[in-house]
Amino acid sequence: MADEDLTEVLTAVGPRLRALRRTRGTTLAQLSETTGISLSTLSRLESGQRKPTLELLLPLAKAYGVQLDELVGAPATGDPRVHPRPFTRHGQTFVPLTRYLGGLHAYKQIMPPRPQGRSDEPLEQRVHEGYEWLYVLSGRLRLTLGEHDLVLAAGEAAEFDTRTPHGFANAGDQPVEFLSLFGAQGERIHVRARPAGT
């Protein structure tokens with residue numbers, strides 16, 4: 001790799017680290033506790049004020065469950081296969097379907113059934129930057145968007161601006177599996193699903 005290529009790769013590490021941490025919903029304090037790297041060092045790495053070294057990148061790659069070359073955005077070797085490393089967050093299993101940290105992120109999500117008697121209770125709704133597109137593979141997914149409370153069945157899709165308060169839950173007694181495409185910068189998929197009966 002030429003010196004200018006290496007410099008470009010290293011310069012891009014900070015934004016990649018920040019994007020990955022935000023996608024995983026991790027704070028700098030949590031990451032510091034997991035990796036043993038100080039808060040100030042992590043902050044300087046993400047802002048580009050600290051040069052990334054193997055000693056810093058290896059524990060970060062381990063904490064995120066990604067390969068080192070993915071973390072630094074090394075050029076592709078020609079192998080198109082993605083080697084997903086599932087992780088669990090909020091009781092759900094996420095299977096990454098994309099290799100790179102920039103642009104759209106694609107996941108297969110598997111959500112277990114909710115405990116009996118809790119399927120209709122209010123959901124915690126969150127707001128953040130971005131745009132999301134969902135496609136249900138199997139089961140039934142409950143999606144709340146502001147005042148709207150929807151149930152998506154297998155084969156149905158939805159898309160929305162994530163600045164709208166939103167929450168997800170399993171609406172059935174079997175696990176629900178769905179694909180999620182998320183653009184942290186508001187990237188949109190060019191497919192629209194219409195509500196039934198319109």
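These legends go with a set of close-up views of one predicted model.

**View 1. The whole chain, before zooming in.**
This predicted chain has 198 residues, and 35% of them count as buried. Its secondary structure adds up to six helices and nine strands. If you take the contacts between residues at least 6 apart in sequence, 59% of them join residues at least 24 apart.

**View 2. Ser 180 and its two side-chain partners.**
Here we're looking into strand β9, which runs over residues 176–183 and holds Ser 180. Is Ser 180 buried or exposed? With a relative accessible area of 2%, Ser 180 falls under the 20% cut-off and so counts as buried. Its side chain makes a polar contact of 2.6 Å with the side chain of Glu 132. The side chain of Gln 109 also joins in, with a polar contact to Ser 180 of 3.4 Å.

**View 3. Who else sits around Ser 180.**
Pull back a little, and skip the neighbours within four places in sequence. What's left in contact with Ser 180 includes His 105, Ala 106, Tyr 107 and Gln 109. Glu 132, Trp 133 and Leu 134 are in contact with Ser 180 too. Gln 109 and Glu 132 turn up in this set, and they're worth picking out here, as each has a side-chain polar contact with Ser 180.

**View 4. Helix α2, end to end.**
Helix α2 covers residues 13–24, which makes 12 residues. How far apart are its end C-alpha atoms? They are 16 Å apart, and the span expected at 1.5 Å a residue is 16 Å, so the two agree. The buried residues of α2 include Val 13, Gly 14, Leu 17, Leu 20 and Thr 23. Three arginines, Arg 16, Arg 21 and Arg 24, are on the buried list as well. Just past the helix, Gly 25 takes a positive phi of about 70°.

**View 5. The cavity and its lining.**
How many cavities of 30 Å³ or more are there? The count comes to one. The largest cavity holds about 40 Å³ of space. Leu 17, Leu 31, Leu 42, Glu 46, Leu 60 and Tyr 64 line it. The elements giving two or more residues to that lining are α4 (39–47) and α5 (54–64). By type, the lining splits into five nonpolar residues, one charged and no polar. Leu 17 links this view to the one before: it lines the largest cavity and is among the buried residues of α2.

Definitions and conventions: Residues numbered from 1 in each chain as written. Predicted model: local features only at pLDDT ≥ 70, side-chain atom pairs only at ≥ 80, totals over all residues. Heavy atoms only, no water. Helix = DSSP H or I, 4+ residues; strand = E, 2+ residues; numbered from the N terminus. Buried < 20%, exposed > 50% of the residue type's maximum accessible area, 1.4 Å probe, protein only. Polar contact = N/O pair within 3.5 Å; in protein donor to acceptor, adjacent residues only side chain to side chain. Contact = heavy atoms within 4.5 Å. Expected span 1.5 Å × (residues − 1). 1 Å grid on protein atoms, 1.4 Å probe; cavity = no way out; pocket = protein on both sides within 12 Å on 5 of 7 lines; lining within 4 Å. Points joined across faces, edges and corners; volume = space filled by probe spheres on them. Nonpolar A, V, L, I, M, F, W, Y, C, P; charged D, E, K, R; others polar.
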